[in-house]
Amino acid sequence: MAQLKINIEKWDTAVDGELTESNMKRKLEKQGYKYIMYIFSPGTDFPDHTHSVSKKDSILTGRFQFGMYDQIVVLEPGDMVEVPKNTVHNAQVVGRENVVFFDATK
């Protein structure tokens, strides 16, 4: 069986416009998502956990270390990642900047 890979969708200013809160909301809505925006302060840590629904995590500001499928990536502004339901993952704020984060579901 092939190793699953974290697939990061990068912000494309040519398609999506400038990375702003309103443009991020618009993009998620176009993709059929409803969302809640959160602000996580430096040091915020989310140990291994799962969700009962598939979701998309989207970063507006800051840097967010994200682990899934035994891989670790650092998500930066404009990055979006799909998290399948019941998939173990973890995350933490890295650096000294707040992470503005959209937790999106369909």
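# Two sheets, a core and salt bridges

Me: In this predicted model, are K27 and D16 buried or exposed?
Reply: The structure is a predicted model. To count as buried, a residue must have under 20% relative accessible area, while exposed means over 50%. By that cut-off, both K27 and D16 are buried.

Me: Which elements hold K27 and D16, and how many residues apart in sequence are the parts their pair ties together?
Reply: The side chains of K27 and D16 form a salt bridge, with N and O 2.9 Å apart. K27 belongs to helix 2 (residues 21–30) and D16 to helix 1 (residues 13–16), so the salt bridge ties together parts whose separation in sequence is 11 residues.

Me: Which residues are linked with D16 and K27 in a network of salt bridges?
Reply: E9 forms a salt bridge with K56, the closest N and O atoms being 2.8 Å apart. This pair links distant parts of the chain, since E9 is in strand 1 (residues 8–9) and K56 is in strand 4 (residues 55–61), 47 residues apart. The network that holds D16 and K27 also includes E9 and K56.

Me: Is E9 buried, partly exposed or exposed?
Reply: Partly exposed covers the range between the buried limit of under 20% and the exposed limit of over 50%. E9 has a relative accessible area of 27%, so E9 is partly exposed.

Me: What is the relative accessibility of K56?
Reply: K56 is the salt-bridge partner of E9. K56 counts as buried, because its relative accessibility is 2%.

Me: How many residues apart are K25 and E21 in helix 2?
Reply: The side chains of K25 and E21 meet in a salt bridge, 2.8 Å from N to O. K25 is partly exposed at 26% relative accessible area, and E21 is partly exposed at 34%. Both lie in helix 2, where their spacing is about one turn of the helix, or 4 residues.

Me: What is the order of the strands in the open sheet of 5 strands?
Reply: The pairing in this sheet is antiparallel. Strand 1 and strand 2 (34–40) each have a single partner strand, so these two stand at the edges. The order of the 5 strands is 1-7-4-9-2.

Me: Which residue of strand 9 is the bridge partner of K56?
Reply: Strand 4 pairs with strand 9 over 5 bridges, in the antiparallel sense. K56 is in strand 4. In strand 9, the bridge partner of K56 is A104.

Me: What angle does the direction of helix 2 make with that of strand 4?
Reply: Helix 2 packs on this sheet and touches strand 1, strand 2, strand 4, strand 7 and strand 9. The angle between its direction and that of strand 4 is about 165°.

Me: Which strands stand at the edges of the open sheet of 4 strands?
Reply: This sheet has the order 3-8-5-6, with antiparallel pairing. A strand with a single partner has one side left without a neighbour in the sheet, so the edge strands are strand 3 (45–49) and strand 6.

Me: Which residue in strand 6 stands opposite Q65?
Reply: Strand 5 and strand 6 run antiparallel and are joined by 5 bridges. The residue of strand 6 that stands opposite Q65 is V74.

Me: Which strand gives the most residues to the largest nonpolar core?
Reply: The largest nonpolar core has 15 residues, of which I6, F64, F66, L75 and V99 touch the most other members. Strand 5 (63–68), strand 6 (71–75), strand 7 (80–83), strand 8 (89–94) and strand 9 (99–105) give two or more residues to this core. With 3 residues, the strand that gives the most is strand 5.

Me: How many residues are in the other core, which lies apart from the largest one?
Reply: Its members include Y33, M80, V100 and F102. This core lies apart from the largest one, and its residues number 9.

Me: Which backbone oxygen does the side chain of H89 reach?
Reply: H89 is found in strand 8 and counts as buried, at 3% relative accessibility. Leaving out residues up to four places away in sequence, H89 touches P47, D48, H49 and F66, among others. At 2.9 Å, its side chain reaches the backbone oxygen of T87.

How values were computed: Residues numbered from 1 in each chain as written. Predicted model: local features only at pLDDT ≥ 70, side-chain atom pairs only at ≥ 80, totals over all residues. Heavy atoms only, no water. Core = buried A, V, L, I, M, F, W, Y, C linked by side-chain atoms within 4.5 Å. Buried < 20%, exposed > 50% of the residue type's maximum accessible area, 1.4 Å probe, protein only. Pairing = 2+ DSSP bridges. Salt bridge = Lys/Arg side-chain N within 4 Å of Asp/Glu carboxyl O. Polar contact = N/O pair within 3.5 Å; in protein donor to acceptor, adjacent residues only side chain to side chain. Contact = heavy atoms within 4.5 Å. Axes fitted to C-alpha atoms, helices over the stretch in contact; angles between N-to-C directions.
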